[in-house]
Amino acid sequence: MASTKDAFEFQAFEEAGNLLEENRDAVTISIEDEGSKPKRAAAYSPGGNEEDPLTSDDRTELLSGQKKSIPFWTFEYYQQFFDIETHHVKERIIGSVRPWPVKNFIHVYLRRNPDLFGPFWICTTLVFAIAISGNISNFLVHLGKPNYKYTPEFRKVTIAATAIFSYAWLVPLALWGTLLWRNNKILSLVSYSFMEIVCVYGYSLAIYIPAVVLWILPYEWLRWCSIVGALCLSGSVLVMTFLPAVRDDHPKVMISILSTIALLNVLLAVGCKAYFFSKPEPAEISTSDQVTSST
Amino acid sequence: MASAEEASRPFAGLSDVSISEDIPVEGDISVPMSSSRRDDEFSTLDEPVKETILRDLRAVGNKFIHVLYPKRSSALLRDWDLWGPLLLCVTLALLLQGGAADSDDQGGPQFAEVFVIIWFGSIIITLNSKLLGGTISFFQSLCVLGYCIMPLTAAMAVCRIVLVGGTGTVSFAVRLVVVTASFGWSTFASTAFLADSQPPNRKALVVYPVFLFYFVIGWMILTFSPSQ
């Protein structure tokens with residue numbers, strides 16, 4: 001073994017030659033210039049500009065990744081939509097509830113990497129949150145009434161699932177179709193793929209999960225405040241994301257598309273609240289009616 | 001250099017050994033066992049049925065013990081089986097019956113609903129972990145998720161016993177504590193087995209669906225109310 005002094009000292013080339021003479025059978029490695037030749041070729045191929053070999057490799061890899069089309073019936077096709085990490089999901093969720101500074105969710109957060117993990121699990125969590133919170137709020141509203149029989153209403157889970165998943169998939173489909181149709185008529189610089197629209201809609205539903213949990217408390221003012229707050233946040237993120245895509249269009253078309261987006265959002269929120277969460281006041285009126293009718 | 005010479009000395013004699021290419025290597029490959037014994041080792045067709053069943057039951061019981069004391073062992077993963085999850089699922093679904101289900105159609109979950117939730121939920125979680133690049137196989141993951149329902153099934157049995165005593169606030173508090181503890185135990189046990197198969201920057205993405213799954217099952221157990 002070489003002494004430590006030699007390990008840190010710069011060895012001149014004569015020593016290597018001496019070592020080779022002593023031990024002819026030793027395995028030697030010769031690093032030739034072949035390795036640098038393909039790098040140089042790659043650096044010159046895209047535009048002829050002198051770049052780092054690393055960035056040109058990245059670019060060629062990215063370009064080849066977009067050209068590669070995996071058939072949609074293979075497992076790998078869906079695996080490319082799950083190519084995210086924990087901090088990506090966290091950033092996207094936080095970005096979906098924060099419409100300031102004014103930005104485009106797709107450009108800032110998705111960056112050509114839409115994922116299906118976030119939308120799917122946010123929708124599932126929302127379905128169960130609505131069902132469970134609705135159940136708890138019904139229980140709390142009717143607490144203490146003698147003729148109330150507590151039933152865990154499992155049918156409502158399926159209804160909630162249908163409503164939320166159809167909102168998260170059919171509305172993006174319709175919006176994508178509309179944008180495609182308008183793109184044929186008016187050449188717009190911004191175009192979104194279907195997966196990106198699904199991703200935005202999925203993450204925009206994330207704000208409703210804490211709002212739905214807040215609806216357990218049977219105070220109407222609290223429910224309406226949280227609905228309005230959640231609507232403003234998620235609606236503004238959606239509108240700001242799709243504004244660049246429809247900006248070059250007729251003002252009437254632009255306003256109608258954006259207002260439809262906002263309106264559907266409002267419908268979903270208010271509909272869920274009305275169907276799953278009962279109001280406390282009418283129950284009190286009905287018991288007072290019973291009291292007056294019995295006397 | 002001297003040490004190199006010393007190292008080569010035991011092998012010095014081998015440099016003379018050479019096998020020329022025209023001598024065929026021949027011999028007789030025979031296992032020094034009687035042929036009937038070799039058959040018995042691999043075929044279980046002739047054994048009595050009781051022994052077959054007992055062997056599977058012992059494997060299932062062994063895995064139950066592994067869930068009770070979740071260490072990072074690979075016993076649950078290596079020989080997976082779906083008998084245990086099936087037993088637990090049927091037990092849980094049966095225990096969730098008889099809960100105001102006859103009088104009202106919105107009483108408790110139907111037998112089929114419990115099955116669908118458990119199996120469909122397990123399949124979706126397994127697909128999720130495989131899409132995120134997990135190294136665990138499909139049935140191994142189903143096996144782990146199914147076996148880790150065991151604490152929740154035990155909690156359901158305890159809840160039914162507590163509900164015999166009454167449905168007041170005390171019984172609700174006891175049930176809440178029992179269900180919360182068993183839900184935590186289930187989640188901890190399953191992540192002890194599943195978390196190793198994922199890269200470290202995606203562990204939370206795999207653990208969250210498991211958390212949601214056991215939370216929903218725990219909710220079903222907690223809200224079970226018997227018919228009066």
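Is Trp176(A) buried, partly exposed or exposed? With a relative accessibility of 30%, Trp176(A) counts as partly exposed. Keep in mind that this is a predicted model, and let's take a walk through its rings and cysteines.

**Aromatic pairs**

Over all chains, the structure holds 21 aromatic pairs. One of them joins Tyr167(A) and Tyr201(A): their planes stand at 70° and their ring centres are 5.6 Å apart, so this pair is edge-to-face. The two tyrosines come from distant parts of the chain, 34 residues apart, with Tyr167(A) in helix α9 (residues 155-185) of chain A and Tyr201(A) in helix α10 (residues 194-204) of chain A.

Trp176(A) has a ring partner too, Phe194(A). Here the centres are 5.6 Å apart and the planes meet at 55°, so the pair is tilted. Because Trp176(A) belongs to helix α9 of chain A and Phe194(A) to helix α10 of chain A, the pair ties together parts that are 18 residues apart in sequence.

There is also a cluster to look for: Tyr167(A) and Tyr201(A) join Tyr192(A) and Phe242(A) in one aromatic cluster. Another ring, that of Trp181(A), has the charged end of Arg182(A) sitting over it, 5.0 Å from the ring centre.

**Buried or partly exposed**

Here is how several side chains in this report are classed:

| Residue | Relative accessibility | Class |
|---|---|---|
| Tyr167(A) | 6% | buried |
| Tyr201(A) | 1% | buried |
| Trp176(A) | 30% | partly exposed |
| Leu214(A) | 37% | partly exposed |
| Cys143(B) | 0% | buried |

Leu214(A), found in helix α11 (residues 208-214) of chain A, also takes part in a nonpolar patch on the surface. Its fellow members are Leu217(A), Tyr219(A) and Trp221(A), and together the four have about 440 Å² of accessible area.

**Cysteines**

How many disulfides does a search of the whole structure find? The search gives zero over all chains. As a reminder, a disulfide is a covalent bond between the sulfur atoms of two cysteines.

Why does Cys232(A) have no such bond to Cys225(A)? Cys225(A) holds the closest cysteine sulfur, but that sulfur is 11 Å from the one in Cys232(A), too far for a bond. In chain B, the sulfur of Cys143(B) has its closest cysteine sulfur in Cys148(B), and their separation of 8.8 Å is likewise too far for a bond. Cys143(B) itself counts as buried, because its relative accessibility is 0%.

Note on methods
Residues numbered from 1 in each chain as written. Chains lettered and ligands numbered in written order. Predicted model: local features only at pLDDT ≥ 70, side-chain atom pairs only at ≥ 80, totals over all residues. Heavy atoms only, no water. Phe/Tyr/Trp six-rings, centres within 6.5 Å; stacked < 30°, edge-to-face > 60°. Helix = DSSP H or I, 4+ residues; strand = E, 2+ residues; numbered from the N terminus. Buried < 20%, exposed > 50% of the residue type's maximum accessible area, 1.4 Å probe, protein only. Lys NZ or Arg CZ within 6 Å of the ring centre and 35° of its normal. Patch = residues over 30% accessible without salt bridge, like charges linked within 9 Å, V, L, I, M, F, W, Y side chains within 5 Å. Areas by Shrake-Rupley, 256 points an atom, 1.4 Å probe, with all protein chains shown as cover. Salt bridge = Lys/Arg side-chain N within 4 Å of Asp/Glu carboxyl O. Disulfide = S-S within 2.5 Å.
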